[in-house]
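Colleague: Got a minute to walk me through this one? I'd like to ask about a few spots as we go.

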Amino acid sequence: MQAKKRYLTLLSAGTCLALLLYLGGVRLRAARHSPPGSRHGPRPGGAERPWPRFPDALRPFAPAERPGPEGGGRVSPRQRRDASAGLYRGRRCRMESCFDFAQCRKNGFKVYVYPQQKGEKIAESYQNVLAAIEGSRFYTSDPGQACLFVLSLDTLDRDQLSPQYVHNLRSKVQSLHLWNNGRNHLIFNLYSGTWPDYTEDVGFDIGQAMLAKASISTENFRPNFDVSIPLFSKDHPRTGGEKGFLRFNTIPPLRKYMLVFKGKRYLTGIGSDTRNALYHVHNGEDVVLLTTCKHGKDWQKHKDSRCDRDNAEYEKYDYREMLHNATFCLVPRGRRLGSFRFLEALQAACVPVMLSNGWELPFSEVIDWNQAAIIGDERLLLQIPSTIRSIHQDKILALRQQTQFLWEAYFSSVEKIVLTTLEIIQDRIFKHISRNSLIWNKHPGGLFVLPQYSSYLGDFPYYYANLGLKPLSTFTAVIHAVTPLVSQSQPVLKLLVAVAKSQYCAQIIVLWNCDKPLPAKHRWPATSVPVIVIEGESKVMSSRFLPYDNIVTDAVLSLDEDTVLSTTEVDFAFTVWQSFPERIVGYPARSHFWDNTKERWGYTSKWTNDYSMVLTGAAIYHKYYHYLYTHYLPASLKNMVDQLANCEDILMNFLVSAVTKLPPIKVTQKKQYKETMMGQTSRASRWADPDHFAQRQSCMNTFASWFGYMPLIHSQMRLDPVLFKDQVSILRKKYRDIERL
């Protein structure tokens, strides 16, 4: 009985196997005899699946040579093989498999730029990229210390028809003794591929190198390895850059036009479908989408029936006027996925409406583009107008404000684009201290929040509101001493006693930058708070802004040794700072102005109706700015300050205003403050010295040059205590002593 069951089981299995082989053979024969372009058959749900589209490099019958767009510029098979070599290798690369972390963890995140080779020309755009790296805090001239390597060979434009195209790049790269198959290398690229296919290969084998590439598709983008960057023009500023065009928030946030676009229309070829269909949405009123066929040498040979009408309509509108008066800006793909319209819309506070299916948006690894743009679908073009009309005004205002933040934080200059790229890679390497999404997408942005300082958001002055926190209710006073202690009546001792009496003072640090030895301990007055005397090793001006471990409070009260302040003034200034912890709050104010005759920035200490600086001789700010001053600013600026023994206060104001985009805050000050300082012995000669003033003028312009713009902002606001100078009893006033000074 059991044997009979086994025979039946074997017979059933054999029958099933034969049936499967028969049916499979039928499908194989049918597929083999199907003509190109035929379908496999119906998919579930009734949809049919087309045959996969193979890239050009796999087409067996591709012609040996292709004409260029103008009939010239033929590409040989060997050139085409070389061009596609880098497209398919290293597809599986990730940081864990194609990057060596050992050198980075040993020496920190340092970037080495290869020296320029003789006879090699570098386009201005790539020169700006390299200059941004060499001017950053990441740069090292020693390849042995480097974590990341960047080629000096120009890789930005890899379109073979471009005059900036570098020939024989494959052999040149392979000859570099540090190349190591591209490991720990970063390649910058804006244009790749050429007419008519515009593929994304860069024309040489990149090996295990990372790509910082514009117009990269999600298909070819290697997550957590490549970096998508924006397409920028050759005129994009190297540093600084223009501010966004949103000067004030209008309610409701609607402009003259709801949706605009003005650009080329391609009649045939890749990227032509979407732009050819824009006329269906254009209504000539609040939706103005203009295209022109009038580009290229032989456009008239290929124009269609709509070209003349489109060209006439195109000439009626000024692009800048449209851009600045539109709520939404359409950003359709061109020949490549990226477009200059993207950055133009961001700067103009015109919310980008993306129509470029498959584009990996710039810095998508860290930027949440849903907060600043509308991500559309090319296949649903006709639904775009109704979609954007349905967006609530509150959302439009939020989108517009975010465009301005992102523009100024990451995109307004080549330097910011390059530094953002490097910071993203650094975060990958040191994941335990990497910045989170809130830091990247909220003011002041990832470039000014250094994770080496702290991984806790509450340690930075910008996120108290987000976290529902307040800064600590005490401060550390740092007194910069440069004069020998020869008398018990010196201003520094009086200052020390007055500050120590403040109810908010936690400790006092005296930074001894004098050439004379430290005074004996008994020479310092007895106080109710600890007094720590630190002898400066280098005794330079920048040492007053070092991030000393002794500073345990959030707030730092920075003081010159000859400052004259009362305890009441100190208390009031600190109370004001607690409401503005990201800004400099203090007493002595200065201003800047543009001198038209000399065409340079000027510095003034005159008492005027506005100011743009609060000097750190008597100011309160967050201790994070000590760390930022030391580790963010370049050595060249700090060396200049130290050599002149001047301008450190101006540089700190530049830095804080650049980060916050806000002016400092001046508090109530006794009128004789300036004369009092002039009357002291230690620095009187410096304040009266015309060379000292001339140096500060020079510093202003050097600092503005490095930042790429003037970050200082004028203010006419001064904060006084409530009831200040009011005709009420002095006993009713909290800071009554200020009026008596």
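Colleague: F405 and Y410 first: buried or exposed?

Modeller: Both F405 and Y410 are buried. Keep in mind that this is a predicted model.

Colleague: And how are the rings of F405 and Y410 arranged?

Modeller: They form an edge-to-face aromatic pair, 6.0 Å from centre to centre and with 75 degrees between the planes.

Colleague: Which aromatic cluster do they sit in?

Modeller: F405 and Y410 belong to one cluster with F342, W359, F363, W369, F411 and W440.

Colleague: Y410 is in a helix contact too, right where α13 meets α14. At what angle do those two pack?

Modeller: Helix α13 (residues 393–411) and helix α14 (residues 414–429) pack at about 80 degrees, and their axes are 7 Å apart. That angle is why α13 counts as roughly perpendicular to α14.

Colleague: Which residues make the contact?

Modeller: From α13 you have E408, A409, Y410 and F411, and from α14 there are K416, I417 and T420. By type, that contact of α13 with α14 splits into four nonpolar, one polar and two charged residues.

Colleague: Switching topic. How many aromatic pairs are there in the whole structure?

Modeller: The search turns up 37 aromatic pairs. One of them is Y112 with F149: the ring centres are 5.9 Å apart and the planes sit at 70 degrees, so this pair is edge-to-face.

Colleague: Where do Y112 and F149 lie?

Modeller: Y112 is in strand β1 (residues 111–113) and F149 is in strand β2 (residues 148–150), so the pair ties together parts that are 37 residues apart in sequence. Y112 is buried at 10% relative accessible area, and F149 is buried as well, at 11%.

Colleague: What about charges over rings, say at Y314 and Y319?

Modeller: K262 has its charged end over the ring of Y314, 4.6 Å from the centre. For Y319, the charged end over the ring comes from R341, 5.0 Å from the centre.

Colleague: OK, helix α17. Why would you call it largely enclosed?

Modeller: Because seven of the 10 residues in α17 (residues 491–500) are buried, the helix is largely enclosed by the rest of the structure. The buried ones are V492, L493, L495, L496, A498, V499 and A500.

Colleague: And what do those buried residues of α17 pack against?

Modeller: They pack against four strands and a helix, namely β13 (475–481), β14 (505–512), β15 (531–535), β16 (555–560) and α18 (567–579).

Colleague: Any backbone oddities? Where is there a cis peptide bond?

Modeller: Between H443 and P444, with omega at about 10 degrees. P444 is in the loop between α15 (437–441) and α16 (464–467). Most peptide bonds are trans, and most residues other than glycine have a negative phi.

Colleague: What is phi for N180 and A645, then?

Modeller: N180 has a phi near 50 degrees, so a positive value without being a glycine. The phi of A645 is near 50 degrees as well.

Colleague: Where are those two found?

Modeller: N180 is in the loop between α6 (169–174) and β4 (185–189), and it counts as exposed at 53% relative accessibility. A645 is in the loop between α20 (635–644) and α21 (648–660), and A645 is partly exposed at 32%.

Colleague: Last one: what's the overall picture?

Modeller: The protein has 25 helices and 23 strands, and 52% of its 741 residues count as buried.

Methods. Residues are numbered from 1 along each chain as its sequence is written. This is a predicted model: local features need pLDDT of at least 70, side-chain atom pairs count only at pLDDT 80 or more; totals for chains, interfaces and linings use all residues. Side-chain values use heavy atoms; hydrogens and water are left out. Axes are lines fitted to C-alpha atoms, for helices over the stretch in contact, and angles run from 0 to 180 degrees between N-to-C directions. Angles under 35 degrees count as roughly parallel, over 145 as roughly antiparallel, 65 to 115 as roughly perpendicular and the rest as oblique. Contact means heavy atoms within 4.5 Å. Ala, Val, Leu, Ile, Met, Phe, Trp, Tyr, Cys and Pro count as nonpolar, Asp, Glu, Lys and Arg as charged, and the others, Gly among them, as polar. Buried means under 20% relative accessible area, exposed over 50%, partly exposed in between (1.4 Å probe, protein chains only). Rings of Phe, Tyr and Trp (its six-membered ring) pair if their centres lie within 6.5 Å; planes under 30 degrees apart count as stacked, over 60 as edge-to-face and the rest as tilted. A charge sits over a ring if NZ of Lys or CZ of Arg is within 6 Å of the ring centre and within 35 degrees of the ring normal.
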